[in-house]
Amino acid sequence: MSEDFYDVLGVSPDASAEEIKQAYRSKATEYHPDVSDDPDAEEKFKKIQKAKQVLTDEEKREAYDRMGHDRYEQAEKHGFDASEAGGAGGMGGGPFGGMGGGGGLGDLFEQVFGGGGGGGRGRRQPRKGRDLRTELEIDLEEAYEGAEKQFTVERPEECGSCAGEGHPPEADAETCPQCQGRGQVTQVQQTPLGRVQQTTACPRCEGEGTLYSETCGECRGEGYVRTEATLTVEVPAGIQEGQTLRMEGEGAPSPENGPHGDLLIDVSIRDHDEFEREGDDLQYRLPISFPQATFGDTVEVPTLEGAAEFEIPAGTQSGETFRLEGKGMPRLRGRGQGDLYVQVQVVTPDSLNEDQREALEAFAEAGGDEIEVTEGFFEKIKRAF
């Protein structure tokens, strides 16, 4: 499989026309045969030119996206103008020149080499701007309650100095002499199938049809500048780590006066001092004393909505886990709440007064243990209980 034109320029398939032109300039500077030390510079430069030629021409790019790289290249190899999918333009007096039915050259290619159904294209809708992506970190309490968060994002905006035109208002304009203002140039080739014409973006004016005496100093001719925008997003209660919020229309502007793209916000949640989260459930470790574990007790445990009473059963073992139903995280879209799991940890005292020591020794003797305080008394207690 040949190298995809988008890969050649190093852009994504949803890249804007301006991004493609910018990538072309960068790659062309890097691999121009007159300045590059790369032994394959000439071949790479040809690929870069071909990629830019196709992807900056609206009709050719649409045909390229529809057909895929290999089939598009095959079409051109056989003399077909793949961008002429809606009519019979450029067929001249070749053997198929008199075909009726409105199939057009693009449909003929589909019949010969396979693919989806034919038919005219209709007017292409302006492409939406690129989606942008950013990150937002919140606390577990904010994920529990939901929050209105303000944040700052850097994004491209139409240049205010030139209103997105890429040149000052007072710049002198002239019709491009190469394309006569059409923004496209046409080449006619004689093939075994007849005369075929190929239309590409004008290389001199880059498809604009007009040349200007100077470019905008603010945006350097791009028509866009990067600015910081302060936005506010509603974080829903119950959102989980790694989920993404979408703000429609807050992405990059469209290069064709279409709608703006969207802003995608990847949410992360800070670690909490007391709770660990597992899905919609919370985990909490509760330290208790040996008497509490032995006799049972009523204690308070923290939750994200305040303290809750918890009954420790008599004879509780260290490491046992108890469930407090409905005390976990709210589920998205109001579908109840998860649970809080309380894991009990019995704490062994690291110092005892005389009365405590005598009581524990008596307890151990009553249980049949031989007491040798100097040889690991506390270790014996731990093993016993």
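**Figure 1. Surroundings of Pro-313 in the predicted model.** In this predicted model, Pro-313 makes contact with Ala-293, Gly-296 and Phe-322, once neighbours within four places in sequence are set aside. Look for Pro-313 in the loop that joins strand E13 (306-312) to strand E14 (321-324). Thr-294 is a handy landmark here: 19 residues separate Thr-294 from Pro-313 along the chain, and their C-alpha atoms are 8.4 Å apart. With a relative accessible area of 34%, Pro-313 is partly exposed.

**Figure 2. Tyr-224 and its partners.** Here we turn to strand E7 (residues 224-235), where Tyr-224 lies. Leaving out neighbours within four places in sequence, Tyr-224 has a good list of contacts to trace: Glu-18, Pro-156, Glu-157, Glu-158, Cys-159, Cys-219, Pro-253, Ser-254 and Pro-255. Ser-254 deserves a second look, as the side chain of Tyr-224 reaches the backbone oxygen of Ser-254 at 3.3 Å. For a link across the sequence, find Ser-161: the C-alpha atoms of Ser-161 and Tyr-224 are 9.8 Å apart, with the two positions 63 residues apart in sequence. Tyr-224 counts as partly exposed, at 24% relative accessibility.

**Figure 3. Gly-166, a buried glycine in a loop.** Gly-166 sits in the loop between strand E2 (147-158) and strand E3 (173-175). Its relative accessible area is 5%, so Gly-166 is buried. Beyond neighbours within four places in sequence, the contacts of Gly-166 are with Thr-215, Cys-216, Cys-219, Gly-221 and Gly-223. Cys-219 may look familiar from the previous view, being one of the contacts of Tyr-224 as well. Another residue to locate is Tyr-212, whose C-alpha atom is 9.4 Å from that of Gly-166, although the two are 46 residues apart along the chain.

**Figure 4. Where helices H3 and H4 meet.** Two packed helices are described by the angle between their axes and the distance between the axes. For helix H3 (residues 41-55) and helix H4 (residues 58-67), the axes come within 6 Å and cross at roughly 100 degrees. This crossing angle makes H3 roughly perpendicular to H4. On the H3 side, the residues to pick out are Gln-53, Val-54 and Leu-55, which meet Lys-60, Arg-61 and Tyr-64 of H4. Sorted by character, the residues of this contact are three nonpolar, one polar and two charged.

**Figure 5. Thr-56, in the loop between the two helices.** Staying with H3 and H4, this view moves to the loop between them, which holds Thr-56. A polar atom of the Thr-56 side chain lies 2.5 Å from the backbone oxygen of Lys-52. Not counting residues up to four places away in sequence, Thr-56 touches Ile-20, Lys-21 and Ala-201. Is Thr-56 buried or exposed? With a relative accessible area of 18%, Thr-56 is buried.

**Figure 6. Ser-16, at the loop before H2.** Ser-16 is found in the loop between helix H1 (5-9) and helix H2 (17-31). Leaving aside neighbours within four places in sequence, Ser-16 is in contact with Arg-61, Arg-127 and Pro-255. Two of these names have come up already: Arg-61 takes part in the meeting of H3 and H4, and Pro-255 is among the contacts of Tyr-224. Ser-16 is buried, at a relative accessible area of 11%.

**Figure 7. Gln-180 and its positive phi.** Gln-180 is not a glycine, yet its phi is positive, at about 60 degrees. The residue belongs to the loop between E3 and strand E4 (184-191). Gln-180 is exposed, with a relative accessible area of 53%.

**Figure 8. The whole chain, with its low-confidence stretches.** Stepping back, the protein has 10 helices and 15 strands. Of its 385 residues, 37% count as buried. Among contacts between residues at least 6 apart in sequence, 62% join residues at least 24 apart. The mean pLDDT is 79, and 81% of residues reach 70 or more. Over residues 83-123, pLDDT stays under 50, and the model has 64 contacts beyond four places in sequence for this stretch. Residues 373-378 also keep a pLDDT under 50, with eight such contacts beyond four places in sequence. Where pLDDT is low, the predicted coordinates should not be read in detail.

Terms used
Residues are numbered from 1 along each chain as its sequence is written. This is a predicted model: local features need pLDDT of at least 70, side-chain atom pairs count only at pLDDT 80 or more; totals for chains, interfaces and linings use all residues. Side-chain values use heavy atoms; hydrogens and water are left out. Axes are lines fitted to C-alpha atoms, for helices over the stretch in contact, and angles run from 0 to 180 degrees between N-to-C directions. Helices (H or I, at least four residues) and strands (E, at least two) are DSSP runs, numbered from the N terminus. Angles under 35 degrees count as roughly parallel, over 145 as roughly antiparallel, 65 to 115 as roughly perpendicular and the rest as oblique. Contact means heavy atoms within 4.5 Å. Ala, Val, Leu, Ile, Met, Phe, Trp, Tyr, Cys and Pro count as nonpolar, Asp, Glu, Lys and Arg as charged, and the others, Gly among them, as polar. Buried means under 20% relative accessible area, exposed over 50%, partly exposed in between (1.4 Å probe, protein chains only). A polar contact is a pair of N or O atoms within 3.5 Å; within protein, one must be able to donate a hydrogen and the other to accept it, and residues adjacent in sequence count only if both atoms are side-chain atoms. pLDDT is the predictor's confidence in each residue, from 0 to 100.
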